[in-house]
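Q: Please take a close look at one part of this model and say what touches what there. Set out the surroundings of that part as well, with the cut-offs behind each term.

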Amino acid sequence: MTIEDPVYLAHRHWMSRAIALAQSAGDAGEVPVGAVIVDANHHLIAAAENRRERDKDPTAHAEILALRAAGQALQTWHLNSCTLYVTLEPCPMCAGAIVLARLGLLVYGVDDPKTGTIRTVANIPDSSCSNHRLPVIAGIMESACRQQLQSWFAHRRHR
């Protein structure tokens, strides 16, 4: 994939949308993670940002909220024709939900060395307990996603 490739440009477009959602989450005091789900025709189906603190809900991760909204919008939990863009590598809970949703493609920005379970700490999609083989593209707009998270955490520590 080159930077002129239309597929790469589409990935950057949707990841930019996820980054904007992550910024909104960070501004609201949440860990800045954003997620966008598009269909096979590249139409926006769902978008969400982390809401754990605001909703007082440990499951209110951006990915989970986006998957729920996509299921409602499409009236099915089978999201095999959809792509999820998320700024940070999903945690175990989100990776499990993504596999269970039979997602068509996962695109994420930056690896999570603490809880990433797509490729970093563990690999849930390729695990023997997974009933769905998930195509994954990592590193789309990686620098921007990493910088956003690092800045947010540095600001939190400074306060």
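A: Two residues are in contact, or touch, when they have heavy atoms within 4.5 Å. The model is predicted, so local features need pLDDT of at least 70 and side-chain atom pairs count only at pLDDT 80 or more, while totals for chains, interfaces and linings use all residues. Residues are numbered from 1 along each chain as its sequence is written, and side-chain values use heavy atoms, with hydrogens and water left out.

The part chosen is the packing of helix 1 (residues 6–27) against helix 5 (residues 142–158). Helices (H or I, at least four residues) and strands (E, at least two) are DSSP runs, numbered from the N terminus. Two packed helices are described by the angle between their axes and by the distance between those axes. Here the angle is about 5° and the axes are 11 Å apart; axes are lines fitted to C-alpha atoms, for helices over the stretch in contact, and angles run from 0 to 180 degrees between N-to-C directions. Helix 1 is therefore roughly parallel to helix 5, a label for angles under 35 degrees, with over 145 being roughly antiparallel, 65 to 115 roughly perpendicular and the rest oblique.

On the side of helix 1, the contact is made by Met15, Ile19, Ala22, Gln23 and Gly26. Helix 5 contributes Ala144, Cys145, Gln148 and Trp152. Sorted by class, the contact has 6 nonpolar, 3 polar and no charged residues. In this scheme Ala, Val, Leu, Ile, Met, Phe, Trp, Tyr, Cys and Pro count as nonpolar, Asp, Glu, Lys and Arg as charged, and the others, Gly among them, as polar.

Several of these residues also touch threonine 87, which is found in strand 3 (residues 83–88). Not counting residues up to four places away in sequence, threonine 87 touches Met15, Ala18, Ile19, Ala22, Pro32, Val33, Gly34, Gly109, Val110 and Cys145. Threonine 87 counts as buried because its relative accessibility is 1%; buried means under 20% relative accessible area, exposed over 50%, and partly exposed in between (1.4 Å probe, protein chains only).

The loop between strand 5 (136–138) and helix 5 holds glycine 139, and methionine 141 lies in the loop between strand 5 and helix 5 too. Methionine 141 has a phi near 55°, a positive value in a residue other than glycine. With 15% relative accessibility, methionine 141 counts as buried. Its C-alpha is 7.1 Å from that of methionine 15, although the two are 126 residues apart in sequence. Apart from neighbours within four places in sequence, methionine 141 is in contact with Arg12, Met15, Ser16 and Ile19. Glycine 139, at 29% relative accessibility, counts as partly exposed. Outside the four places either side in sequence, glycine 139 touches Tyr108 and Gly109. The C-alpha atoms of glycine 139 and aspartate 111 are separated by 7.6 Å, with their positions 28 residues apart along the chain.

Tyr108 appears again in the contacts of proline 90, a residue of the loop between strand 3 and helix 4. Leaving aside neighbours within four places in sequence, proline 90 is in contact with Glu63, Ala95, Ile98, Leu106, Tyr108, Thr115, Gly116, Thr117 and Ile118. Proline 90 is buried, at 0% relative accessibility. From C-alpha to C-alpha, proline 90 and glutamate 63 are 7.7 Å apart in space and 27 residues apart in sequence.

Helix 5 also takes part in the largest pocket, where its 8 residues form the largest share of the lining. On a 1 Å grid over the protein atoms alone, a pocket is an open set of points where a 1.4 Å probe fits, with protein on both sides within 12 Å along at least five of seven lines; lining residues have an atom within 4 Å of a point. The space in the largest pocket is about 720 Å³, a volume being the space filled by probe spheres set on the points, which are joined across faces, edges and corners. The lining has 29 residues, and Val31, Leu88, Asp112, Leu149 and Phe153 lie nearest the centre. Helix 2 (52–55), helix 3 (62–74) and helix 5 are the elements that give two or more residues to this lining. By class, the lining of the largest pocket holds 13 nonpolar, 5 polar and 11 charged residues.
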